[in-house]
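Trainee: I have a structure open and don't know where to start. Can you go through it with me?

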Amino acid sequence: MSEMLYWKALNRAMDAEMAADETVLTLGEDVGLYGGTYRVTEGLMAKYGEWRVRDTPISENSFTGLGVGAAMLGLRPVVEIMTINFALLAMDAIVNMAAKIPFMSGGQFPMPLTIRMPGGVARQLGAQHSQRLEHQLMNVPGLRIVVPATPQDAYWQLRQAIRSDDPIIVLEHELLYFSKGEVDEAAEAPPIHQAVVRRQGRDITCIAYSQMLPLALQAAEQLATEGIELTIIDPRSLSPIDWETCARSVEQTHRCLIVEEDCRFAGAGAEFAATLQERCFYLLDAPIRRVAGLDLPTPFNGTLEAASIPRVEDIVLAARQIMTPPGESA
Amino acid sequence: MDKAQMAAMLRDMLRARAFEEAAAQAYAQGHIAGFLHLYPGEEAVAVGVLHAAEPGDYVVSTYREHVHALVRGIPARQIMAELHGKKTGVSGGMGGSMHLFDRSRRFLGGYAIVGETFPIALGAGYAVAYRRLPEAVICFFGDGAINQGTFHESLNMAALWKLPIFFVCENNHYQIGTEIHRHSAITEVYKRACGYGIPAEKVDGMDVTAVHEAAKRALARVRAGDGPQFLELETYRYRGHSMADPATYRPKAELNAYQANDPIAAAIHEAEYQYPSAEAIAEAGADCVTRFTDRCCKEGHLDDAVVQRMRQEIQEEIADAVAFAEQSPAPELQDAWKAFQHNRRFEIFMEAAQ
């Protein structure tokens, strides 16, 4: 057990899998000599050579497709797309190829492909570099999506993704790379798609993933001083979703709040709200609520940017409103 | 080329023609649905190239891939059943006409998005090079694919890392309904490969022996570690883009010229746009199949009786494939779930939908 940064946890996970299995390789822009834009592949090229750590030209669709073709021949490629914004150029490889080949071939070709990329709003990178596109990938049958929020999960979920025979998107977050946490490399990790309860509380089940998890935990601390106790669930995976863990909690608290950085319209929160409403309707004491990003391209101006995505105070306010009986003001 | 090889190639050309005509008939009768892209006219390409391939090579193909699959050795029954959407099809009825896959024959699939064969071949070539194996990856594509970004992206990477890929352009002059002079600034496709330093050649795609020789040369260089090779084959499809396409955009004289293997420069300027009738196709004369048949007979490799017997056997093989496809069971929804989860280790949650 040691404390490490999120990027370092990913780096150690890559190293561990590459050392254990010589079919594992990684490719992407600046992953080799440069060591990765966020240092995730630092030191790997020196250790494993250029055929296993491949710097690519800026050709997202084709190098992601290269990962697909190599996976069909039994390699375990880890494709790094520098940011999720560039994944839009690789949507054909991800959606039409990686997600569909195992199925269209009648199950003949497994797809042991991992695609890593950071998403989310960082700090004033402008609308083209501040996107959250998980909703677009969630709607694609055949893809699996994990969203590690802690260094411990980053380490284990990446290792599990590399070992999987399905195409898995590991969705990281630019603001999480330099967050710190304990990593136990000897621990027995929970199953890759299992949700984890991060905090127990009687009043509201709050579901928050990726960069929204630390915000939700902060909001919970603040609300506890007011006597409102939150259960915080980190789903850790957006496809598939561990409905059992979520529903069991909502059945106990009778209230549910979902926090997502993605735009509200047709986002992951909509899926959580719809399914939990179907499963838990008669046990709910209040409508399920979402705190989400505004349906707006991310503004460059720092103040406006901060206002366009959930803040701790937005979560606190929403929780108070959920706890307030109709007709009274929170 | 010896007599046995010529006979084998002719047999595959005749099988290809017969298979596609049977597929067209089944489509017309309503037994095959969806898109159906047929190959008649282009047989010399698939047969010439794939007869130069080794069993250890990989093949990546487009949505016009029935004949590539057939010549690669996938039984006609399994291909025809897939066209019919049956459980016995080579992709279990989950792929269809445009998505034939056969792992055992290293047939990496038919792809229905133009330009997808490049990155798949790139990845396969990378895996072969990574393992230092003497195998080649054959990447088929049409002239319509050369303006996709993946063409340029993948040629660049293939050349950069000297990957063992043989790029084969089936230039049938039309991207669906748009003739190559209207879709490409440079219409001599092979010239584009020089932008990436890839050795390229252009050969008459209606002459199966010329195709075969060129493919052998290119594959030898690929296997020798010389990196990617590029071959442009000028050919022609007699039918429309798919069964849904009457091909009214093409001058009749152009089709006639290709079928007669005449120079076409004058013909393509003729303004008489009309889809050729079955009679017109039949009257047009020597296409690539007839041309090779004549040659085999003239050079004394084969005689009419042998060819006749061959045709008879092929008719029986194809009729059997059609009957097999018609009689095969349809897949159930549970087969779809099984295909979806085959080889999968869902660490938690087996989907409730089963």
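Mentor: We'll take chain A overall, then some of its parts, then chain B and the contact. Keep in mind that this is a predicted model.

Trainee: Fine. How many helices and strands does chain A have?

Mentor: Chain A has 13 helices and 14 strands.

Trainee: And what does chain A span along its principal axes?

Mentor: The C-alpha trace spans about 65 × 45 × 40 Å. The radius of gyration of chain A is 20 Å, which agrees with the value near 20 Å that a compact globule of 330 residues would have.

Trainee: How much of chain A is buried?

Mentor: 56% of its 330 residues count as buried. As for contacts in chain A between residues with a separation of 6 or more, 77% come from residues 24 or more positions apart.

Trainee: Let's get to details. Which helices of chain A should I look at as a pair, and how do their axes cross?

Mentor: Take helix 3 (residues 60-72) and helix 5 (residues 91-98) of chain A: their axes come within 7 Å and cross at roughly 30 degrees. That angle makes helix 3 of chain A roughly parallel to helix 5 of chain A.

Trainee: Which residues meet there?

Mentor: From helix 3 of chain A, they are A:Asn61, A:Thr64, A:Gly65 and A:Val68. Helix 5 of chain A brings A:Asp92, A:Ala93, A:Ile94, A:Met97 and A:Ala98. By class, this contact has five nonpolar, three polar and one charged residues.

Trainee: New topic. Which residues of helix 10 of chain A are buried?

Mentor: The buried ones are A:Thr245, A:Cys246, A:Ser249, A:Val250 and A:Thr253. Looking down the axis of helix 10 of chain A, these buried residues fall within an arc of 125 degrees, so they line one face of the helix.

Trainee: Why would residues spaced like that point the same way?

Mentor: An α-helix has 3.6 residues a turn, so residues three or four places apart point the same way.

Trainee: What covers that face?

Mentor: The cover over the buried residues of helix 10 of chain A includes strand 9 (196-199), strand 10 (204-208), strand 11 (230-234), strand 13 (256-263) and helix 11 (268-280) of chain A. After helix 10 of chain A comes A:His254, with a positive phi near 65 degrees.

Trainee: What's unusual about the backbone elsewhere?

Mentor: First, the background: most residues other than glycine have a negative phi, and most peptide bonds are trans. In chain A, the bond joining A:Ser239 and A:Pro240 is a cis peptide bond, with omega about -5 degrees. A:Pro240 sits in the loop between strand 12 (237-239) and helix 10 (243-253) of chain A.

Trainee: And what is the phi of A:Gln124?

Mentor: A:Gln124 is not a glycine, yet its phi is positive, about 55 degrees. A:Gln124 belongs to the loop between strand 5 (114-119) and helix 7 (134-138) of chain A. A:Gln124 is partly exposed, with 15 other C-beta atoms within 10 Å.

Trainee: A:Ala127 is in that loop too. What does A:Ala127 touch?

Mentor: Leaving out residues up to four places away in sequence, A:Ala127 touches A:Pro297 and A:Thr298. A:Ala127 counts as partly exposed because it has 14 C-beta neighbours inside 10 Å.

Trainee: On to chain B. How many residues of helix 4 are buried there?

Mentor: Helix 4 (residues 76-83) of chain B is mostly covered, with eight of its eight residues buried. Those buried residues pack against helix 1 (3-28), helix 3 (66-72) and helix 12 (304-327) of chain B. Just after helix 4 of chain B, B:Gly85 has a positive phi of about 75 degrees.

Trainee: Where is B:Lys162?

Mentor: B:Lys162 is in the loop between helix 6 and strand 4 (165-171) of chain B. B:Lys162 is not a glycine but has a positive phi of about 55 degrees.

Trainee: Last one. How many residues does each chain put into the contact?

Mentor: Chain B puts in 37 residues and chain A 38 residues. On the side of chain B that touches chain A, strand 2 (107-110), helix 5 (117-130), helix 6 (149-160) and helix 13 (333-341) of chain B each supply at least two residues. Helix 5 of chain B gives the most to that side, with ten residues. By class, that side of chain B has 18 nonpolar, twelve polar and seven charged residues.

Definitions and conventions. Residues are numbered from 1 along each chain as its sequence is written. Chains are lettered from A and ligands numbered from 1 in the order in which they are written. This is a predicted model: local features need pLDDT of at least 70, side-chain atom pairs count only at pLDDT 80 or more; totals for chains, interfaces and linings use all residues. Two residues are in contact if their C-beta atoms, placed from the backbone, lie within 7 Å. Helices (H or I, at least four residues) and strands (E, at least two) are DSSP runs, numbered from the N terminus. Ala, Val, Leu, Ile, Met, Phe, Trp, Tyr, Cys and Pro count as nonpolar, Asp, Glu, Lys and Arg as charged, and the others, Gly among them, as polar. The radius of gyration is taken over C-alpha atoms; the globule rule is 2.2 Å times the number of residues to the power 0.38. A residue is buried if 20 or more other C-beta atoms lie within 10 Å of its own, exposed if 12 or fewer, and partly exposed in between; C-beta atoms are placed from the backbone. Axes are lines fitted to C-alpha atoms, for helices over the stretch in contact, and angles run from 0 to 180 degrees between N-to-C directions. Angles under 35 degrees count as roughly parallel, over 145 as roughly antiparallel, 65 to 115 as roughly perpendicular and the rest as oblique. The arc is that of the directions from the helix axis to the C-beta atoms.
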